[in-house]
Amino acid sequence: MFSSGLAGLLLQVGLFIGVQPAAGQASGPQPFDMSSIALTDSRWMDNQNRTVSYLKWVDVDRLLYNFRANHRLSTQGATANGGWDAPNFPFRTHAQGHYLTAWAFCYASLRDDECRDRAAYFVAELAKCQANNGAAGFTDGYLSGFPESEFVALEARTLDNGNVPYYAIHKTMAGLLDVWRHLDDTNARDVLLALAGWVDSRTGKLSYGQMQAMLGTEFGGMNDVLADIHKQTGDERWLEVAQRFDHAAIFDPLAANRDELNGHHANTQVPKWIGAALEYKATGSSRYLDIAKNAWDMTVDAHTYAIGGNSQAEHFRPPNAIAAYLEEDTAEACNTYNMLRLTRELWPLDAASTAYFDFYERALLNHLLGQQDPADNHGHVTYFTPLNPGGRRGVGPAWGGGTWSTDYDSFWCCQGTALETNTKLMDSIYFHDESTLFVNLFTPSVLTWAEQNVTVTQATDFPAGDTTTLTLGGEPGEGWALFVRIPSWTTDQAEISINGEKADVPTEPGTYASIEGRAWKAGDKVTVRLPMTLRTVPANDKPDVAAVAYGPVVLSGDYGSDSLSSVPNLSLDSVKREGSEGLMFTATADGKTVKLGPFYDAHGMNYNVYWATQGQLPA
Ligand SMILES: *[C@@H]1O[C@H](CO)[C@@H](O)[C@H](O)[C@H]1NC(C)=O
Ligand SMILES: *[C@@H]1O[C@H](CO)[C@@H](O)[C@H](O)[C@H]1NC(C)=O
Ligand SMILES: *[C@@H]1O[C@H](CO)[C@@H](O)[C@H](O)[C@H]1NC(C)=O
């Protein structure tokens, strides 16, 4: 991961016109608070449960070890961790912020007291570390598992041990902010603002040139978290500090819409773009919006594999080079986690476009859902998702002593972001403005929209099935409209019915279907059917090399324990569904029959995603 070398009955019709924001104001649809949405039984919930069980099991004192040791407090007999949290690992304590965020999400969505108590305890202990800075020889506000002298070397451009100090500080700040936000924990606020003050005083002393040079070392989303603290506090000071972290070498070409991503360490860049989106919302400066949107467009259009992931060996490759880089170390998971965060920041600014949530669905379903090992009750994950012929999850470049993450000996970046991914699977299903409910994802869940006195229960076996049903409860009334994403992958047979009657609303693929002006009643059932067909997802650089998808689901071939030395030949006309339920297919590849199934289920087997295709898919 690291650049340092380490690595409606009256149904009104019409297209929704996105409203442009006034300068300096956030506008467009807003997410719901996590406490308003609960997942119900599904594959998504299974993932969440596995991650939550790990979060409630992990020894908090082990996670405090490096903070306490560095701030000269007793480590209280705890065992030190291994992997990227070992006491001699340069950016140790980068992972803990993800645990704080995930405990905060767990409490926010599940009202789980144990997650709350763990977060609160951890933050109280961090406060003690920070309060001991005098004795430890650190400046006020500093908080980390490695000494402050690393920042002196960072600023002098003499840091040569692979450390990425602000990367780790960003994670701690983001975790503290989430604990403050979701638990209303004042310790988290105080520790966070003291640490942010430390960042301000350190960076405030640097010239523009010194600061830009320093930004050559990976620094996570420092502009993102500081802009978010500005949003939380309304204090302009934090916006100014955020803008110090605007990295000109990366932002200038993006502002000019030049794709110079080739060769850049991918996950070093994506968090900066999320920061740009937040800085746009805070300032109204269109340059920030251009940076964030251009980066998203370039990455999604020219650097992204069929499964929604990007990068090979953690780096962006030349635009459109996809078939050329089908390797074991493709699709670093953090990049996709960050692209999804960027996506949910950008969509509200252009809420008529389904491109954003078409991508969100594609990447969540085909990359991140299957990143987690379903056989592991702690929900361990992979770092990369191999796309080489005959690739296998959990095999490939092994970071920190394991191919699946482990309880205490990995602590990779992608293990940290996966803790967040799997505790926020509810956060982007629904959005709202004052009088519109947007359904962006088809995930079994219950939404409570308190301002409209309505509950929405979404029941579906999507994507195995093509239908989702939204049942209204509460006192829904007539004050609001329902907008449903009609994905670009569906057909002109997509339809919406209300209480069993087909509704007269346009459902063109790639638009939002709108039901407006209806007097809703408790018990109303809105059924959305999104027919799926087989399609190919061609590689930009070699269109006859393609993945095969059914609706939103990328299919992969099951090669068991057989290895493959090259991209297999697939006769597209041979692809056939087995039965009408479930997503099992067969096809002929290299003259042999191969079973195809959802890539998100391809665990414990060698698989194949991209094929050298011949012929045409059956109509
Ligand atoms: C998942 O966790 C929820 C509590 O959040 C529990 O109600 C449900 O039974 C769990 N599901 C499984 C399959 O364990
Ligand atoms: C929600 O219900 C409350 C209490 O019944 C009522 O006062 C309020 O006007 C309702 N709000 C809406 C938007 O219908
Ligand atoms: C795949 O197809 C190519 C071109 O049609 C052919 O040259 C090659 O021998 C085929 N490979 C296999 C394993 O059948």
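Visitor: Is Cys 129 buried or exposed?
Guide: Bear in mind that this is a predicted model. Buried here takes a relative accessible area under 20%. Cys 129 comes out at 0% relative accessibility, so it counts as buried.

Visitor: What is the distance from the sulfur of Cys 414 to the nearest cysteine sulfur?
Guide: Cys 414 is buried too, with a relative accessible area of 0%. A disulfide needs two cysteine sulfur atoms within 2.5 Å, and Cys 414 is in no disulfide. Its nearest cysteine sulfur belongs to Cys 334, at 3.3 Å.

Visitor: Which cysteine is joined to Cys 106 by a disulfide?
Guide: Searching the whole structure turns up one disulfide. Its S to S distance is 2.1 Å, and the cut-off is 2.5 Å. Cys 106 itself is buried, at 1% relative accessible area. The partner, buried at 0% relative accessibility, is Cys 115.

Visitor: Is that disulfide right-handed or left-handed?
Guide: Look at the torsion about the S-S bond of Cys 106 and Cys 115. It is about 75 degrees, so the disulfide is right-handed.

Visitor: Which helix gives the most to the largest nonpolar core?
Guide: That core has 174 residues, and Trp 103, Tyr 166, Met 173, Leu 226 and Trp 273 touch the most other members. Leaving aside residues up to four places away in sequence, Leu 226 touches Met 173 and Phe 245, among others. With 10 residues, the helix giving the most to this core is α7 (residues 165-183).

Visitor: How many residues are in the other core, which includes Ala 323?
Guide: This core lies apart from the largest one. Among its members are Leu 387, Ala 539 and Met 605, and its size is 20 residues.

Definitions and conventions
Residues are numbered from 1 along each chain as its sequence is written. Chains are lettered from A and ligands numbered from 1 in the order in which they are written. This is a predicted model: local features need pLDDT of at least 70, side-chain atom pairs count only at pLDDT 80 or more; totals for chains, interfaces and linings use all residues. Side-chain values use heavy atoms; hydrogens and water are left out. Buried means under 20% relative accessible area, exposed over 50%, partly exposed in between (1.4 Å probe, protein chains only). A nonpolar core is a set of buried Ala, Val, Leu, Ile, Met, Phe, Trp, Tyr and Cys residues joined through side-chain atoms within 4.5 Å. Helices (H or I, at least four residues) and strands (E, at least two) are DSSP runs, numbered from the N terminus. Contact means heavy atoms within 4.5 Å.
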